[in-house]
Amino acid sequence: MSFKNTNTENRVRRRIFIGIAVALVLSFLVYYFFLKGPAPYKVTIADLQAGDISSKMYVKAQIKPGASISQTIKIKQKVLAVNVKPGDQVNKGDILMTLDRQEVQVQYDNAKKSRISIENSNAAKKKAAAADSIKQAAQQKEYSKQVSNLTGALTRIVTNIALLSATPSTNSTFQSDLAKIIQDQLANYNPNSPNAQQQIQDLITAITSSVSVSQNPQYQTILANLNKDIAILNASLPKVLTGLGGGVTSGLTSGLTSGLAVSPDLINQLKMLGLNVSDPLVSAIQQEKSAKEALDNSVIELISGMSGIVAEVNATPGSYIGTDTTQSSSSVNSLLSGALGDLSQLGLSNNSASTKPAITIYDNLNPKAVFQISQFDSTRIDKGMSVDYQQNGHTYNGTVTFKSKFVADSSLGSNAASSLLQQAGIVGLTGQEPQLLVEMNILGSNLTDLTLGFLIDAEINTASAKNVIKLPAQAMRKEISSYYVFVVDENNRLVKKNFVPGIQSDMYVEVLSGLTAADKVVTNPTNTMVEGQKVSLQGGK
């Protein structure tokens, strides 16, 4: 009996002990969660500092030459030797190539000889002309006669054709009472009469005997006159054409007659013909003058006009460079080609020369860095801002020298813009944002080590200020259009304070207003923080 009582007591004591333990745990939990609350959030604070601040923009820019020149010569010359190749560094005044001046001298000498020869020939022609004056007068009289015959025949032919079209070729006469005779016989006609056939025959006989048709003598006279004038025209036309072309060359008639058939502007061609062919001395004098100008403008060397790197060479020994003096073939040239033969004998042809510049040089001693900037970032860039560069472990400096005032948009209709800028699309049409062009100079030592066309890292100093209040950048938060920070008050609770920021660097933000040096700013804010929240401090003061 005592054994059973002992077990029962042990069970009771065990239950009491367990109840007391559970009560203590529950009491602790109630105290911790409902009376004491969760542990405060640990924050790091910092005091505001005074000092200098600057903001920077980091871009990758393309290295381009500071300038470029494309060199050639004023007149066409043959290349004897080329002294440079693409990639060579040259100085201003270096000899780039040598040229043949002898050909230009020979062309001038030949032009001068041709002019003298024509002058001598003209003197001899004047003497012969005096002896032939009587003959020429007779020829002129005959020519005038043939022209008169030609124009008279043409006038009469036109008149007679008009008369011929209005004049009948035959004359017809009728008996005055023919209608009454026909009417009477038709009235007496009886188709049932035994002599009905005879009655019809009598009617036909009456009609044919009352009508007569004969040739019209006036028509025949006009036709005869027309044939006579056509014969006059056939006889006069070749003589007139021969007389028209005789002042140039005996072989010109065929060229003129073909020109009459195919040229819509024969009169102007004949005027040019009289200037260019009938007066060869004028042409020879002009050619001599042009050859003298070419000789004066010719050179024996092409000299570099700028120090820099050779970018392009478009000449080889034996080729021609410079302005091509070939005269374009005109309608008169085409008209005369059949009659005068090879026009090169008149100095109207030449060896063709390249229209490309002989040598192009880039100025790599004063390079520039070029990049494009968006509408938002463009407000931060202005001319005169300082720039620091980094490339392959080397540092350089410079300034912003140019900022475009228009967007590279093809709708602006400017070819100059197209050549200056790469085309940028319009948002919504091509998915690209319009861009502005910015140029910066590059200063420093060993600038020729930079490779034109490569990219360079540029750090543009967009703004700076001295002795201002600075806020750690990680402490700043933004809400719609306002900026704020959390500060810790004397009770270690969060207070939300708005402020106005100024210049922003990578590490700090300038405080223009809203904060004081006494504020203890939270430098590790989170999105879960709320004003009035209890915090504990770690680090800082």
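Visitor: Which residue is the bridge partner of Glu312 in β13?
Guide: First, a heads-up: this is a predicted model, where local features need pLDDT of at least 70, side-chain atom pairs count only at pLDDT 80 or more, and totals for chains, interfaces and linings use all residues. Residues are numbered from 1 along each chain as its sequence is written, and side-chain values use heavy atoms, with hydrogens and water left out. Strands β11 (residues 308–313) and β13 (residues 359–362) run antiparallel and are joined by 4 bridges. Within that pairing, Glu312 has as its partner Thr360.

Visitor: Which strands stand at the edges of the open sheet of 4 strands?
Guide: Strands here are DSSP runs of E, at least two residues long, and helices are runs of H or I, at least four long, both numbered from the N terminus. Two strands pair if DSSP finds at least two bridges between them. The sheet has antiparallel pairing and the order β4-β13-β11-β6. Each edge strand has a single partner, so one side of it lacks a neighbour in the sheet, and those two are β4 (68–71) and β6 (89–90).

Visitor: How many bridges join β3 to β18?
Guide: Strand β3 (residues 49–64) runs antiparallel to β18 (residues 455–472), with Met57 standing opposite Ile460. β3 also runs antiparallel to β14 (residues 368–373), through 3 bridges, and there Ile63 faces Ala369. For β3 and β18, the count is 13.

Visitor: How many residues apart are Asp52 and Lys466?
Guide: Their side chains meet in a salt bridge at 3.9 Å, N to O, which fits the cut-off: a side-chain nitrogen of Lys or Arg within 4 Å of a carboxyl oxygen of Asp or Glu. Asp52 sits in β3 and Lys466 in β18, and the pair links distant parts of the chain, with a sequence gap of 414 residues.

Visitor: Is Lys466 buried or exposed?
Guide: Buried means under 20% relative accessible area, exposed over 50%, and partly exposed in between (1.4 Å probe, protein chains only). Asp52 comes out at 46%, so that residue is partly exposed. Lys466 is at 68%, so Lys466 counts as exposed.

Visitor: Which residue in β19 pairs with Lys496?
Guide: This salt bridge has an N to O distance of 2.8 Å. Lys496 is in strand β21 (residues 494–504), so the pair ties together parts 17 residues apart in sequence. Lys496 is partly exposed at 30%, and so, at 37%, is its partner, Glu479.

Visitor: How far apart are the end C-alpha atoms of α2?
Guide: Helix α2 (residues 102–131) has 30 residues. The expected span is 1.5 Å times one less than the number of residues, and that works out at 44 Å. The model agrees, because the ends are separated by 44 Å.

Visitor: Which elements are included in what covers the buried residues of α2?
Guide: The buried residues of α2 include Val104, Tyr108, Ala111, Arg115 and Ile118. Contact means heavy atoms within 4.5 Å. Among the covering elements are β5 (77–82), β7 (95–100) and α9 (280–297).

Visitor: What percentage of the 541 residues of the chain count as buried?
Guide: The chain holds 12 helices and 24 strands. Residues 24 or more positions apart account for 79% of its contacts with a separation of 6 or more. As for the buried share, it comes to 28%.
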